[in-house]
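User: I would like a close look at one helix in this model. Please set the scene before you get to the helix.

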Amino acid sequence: MAISRARLEGLSPPQPAEASGNERRSPGLGEPVEYGGELTSNRGSPDRPPTVLLSYRTEDTRGQFTGSAIQRLRTVFSGMDDAAVRHAFAALEEAPEFLFDSVHQVKMPRWSSGGVAMLGDAAWCPNLYSGMGATSTLRGGAELGRALLESPDDLDAALAVWESRLRPFIRKHQRAARLKQQMFVPSSRPVEALRSVVLRLACTARERRLAKARATASARTRDRCAAGRRA
Ligand SMILES: Cc1cc2nc3c(=O)[nH]c(=O)nc-3n(C[C@H](O)[C@H](O)[C@H](O)COP(=O)(O)OP(=O)(O)OC[C@H]3O[C@@H](n4cnc5c(N)ncnc54)[C@H](O)[C@@H]3O)c2cc1C
């Protein structure tokens, strides 16, 4: 899959040789996909500024890594003339650093060889749309520790048990990631339309829940005031 992202601040991957200025990049590998576009942000925290994630689909992964990354993103997102997008691009030009990269899943036939085991993104990266990368890395480490404790004298057996226990969990989340990424970068117009419906329904449900919670809270306040007046 080839999706590029720019993040205004926050990621610290190893510096590839080609990077220049405030841009970090690495050549994309993996199967090509087609159109899509998305902008998401988080509000940051007192010690971290907010970040913006821009992602899109493309059939030409390697082609994304020629020329200016910011110009490419501006072209891809030119159809989204929105105040938030304009602000994100203005900030991107000024960002001390950003990452422009492709998104992939890692699938390895085995996670260990001899006395060497590989875990986390290097072994089974589900991809960032899964929201399970950190969790699966931690679980992989914990499971490895458990298997080693159970078979302290037989490394091969411990690694085999570790992998057989963990594989179903990783497989499940890699599959789920391919579905979840449709929310960020839909693979076709019909999927994009379906996503719009799902998002609209989710927003409506959320607004209803909030309205109900507000009504309940004001009814409670009214009751308390009335009880206070009676007392
Ligand atoms: C934008 C984005 C959003 C994400 N959102 C989520 C989320 O919401 N929830 C979630 O669970 N996961 C999320 N993830 C995924 C999560 O960050 C990763 O899955 C997780 O960090 C993987 O942990 P890891 O230890 O395997 O690898 P990493 O965290 O990548 O750690 C590998 C470390 O090795 C270092 N390294 C690499 N090569 C060398 C070398 N040759 N020598 C020395 N050091 C080296 C790297 O610098 C790095 O510090 C997100 C990822 C991205 C990019």
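How many of the residues of the protein, as a percentage, count as buried? And what does helix H5 look like in detail?

Analyst: Start with the whole chain. This is a predicted model. Of the 231 residues of the protein, 26% count as buried. The protein has six helices and six strands. Along the sequence they run β-β-β-α-α-β-β-β-α-α-α-α. Take the contacts between residues at least 6 apart in sequence: 64% of them join residues at least 24 apart.

Next, confidence. The average pLDDT is 82, and 80% of the residues score at least 70. Over residues 1–20, however, the pLDDT is below 50. The model still gives that stretch 66 contacts beyond near neighbours in sequence. Residues 25–39 also stay under 50, with 56 contacts beyond four places in sequence. Among the elements, strand S2 (residues 37–42) has the lowest mean pLDDT, at 49. Helix H4 (residues 133–150) has the highest, at 97. Where pLDDT is low, the predicted coordinates should not be read in detail.

Now the helix itself. H5 covers residues 155–184, 30 residues in all. At 1.5 Å a residue, H5 should span 44 Å. Its end C-alpha atoms are 41 Å apart, so the two values agree. H5 does have a kink, of about 35°, at Leu166. The proline Pro168 follows shortly after.

Which H5 residues are buried? They are Ala158, Leu159, Trp162, Glu163, Leu166, Ile170, His173, Ala177, Gln181 and Phe184. The kink residue Leu166 is thus on the buried list. An α-helix has 3.6 residues a turn, so residues three or four places apart point the same way. Glu163, His173 and Gln181 are on the list alongside residues such as Trp162 and Phe184.

Several of these buried residues belong to the largest nonpolar core, which has 12 residues in all. From H5 it takes Ala158, Leu159, Trp162, Leu166 and Ile170. With five residues, H5 gives the most to this core. Helix H3 (121–124) and H4 also give two or more residues each. Other members include Trp111, Leu119, Trp124, Cys125 and Leu144. In soluble globular proteins, nonpolar side chains tend to be buried together.

Leu159 shows one set of links out of H5. Beyond its neighbours within four places in sequence, Leu159 is in contact with Ser112 and Ala117. Apart from the largest core lies another, of 10 residues. Among them are Leu92, Phe98, Leu99 and Phe100.

Methods
Residues are numbered from 1 along each chain as its sequence is written. Helices (H or I, at least four residues) and strands (E, at least two) are DSSP runs, numbered from the N terminus. A residue is buried if 20 or more other C-beta atoms lie within 10 Å of its own, exposed if 12 or fewer, and partly exposed in between; C-beta atoms are placed from the backbone. Two residues are in contact if their C-beta atoms, placed from the backbone, lie within 7 Å. The expected span of a helix is 1.5 Å times one less than its number of residues. The bend at a residue is the angle between axes fitted to the seven residues ending there and the seven starting there. pLDDT is the predictor's confidence in each residue, from 0 to 100. A nonpolar core is a set of buried Ala, Val, Leu, Ile, Met, Phe, Trp, Tyr and Cys residues joined through C-beta atoms within 7 Å.
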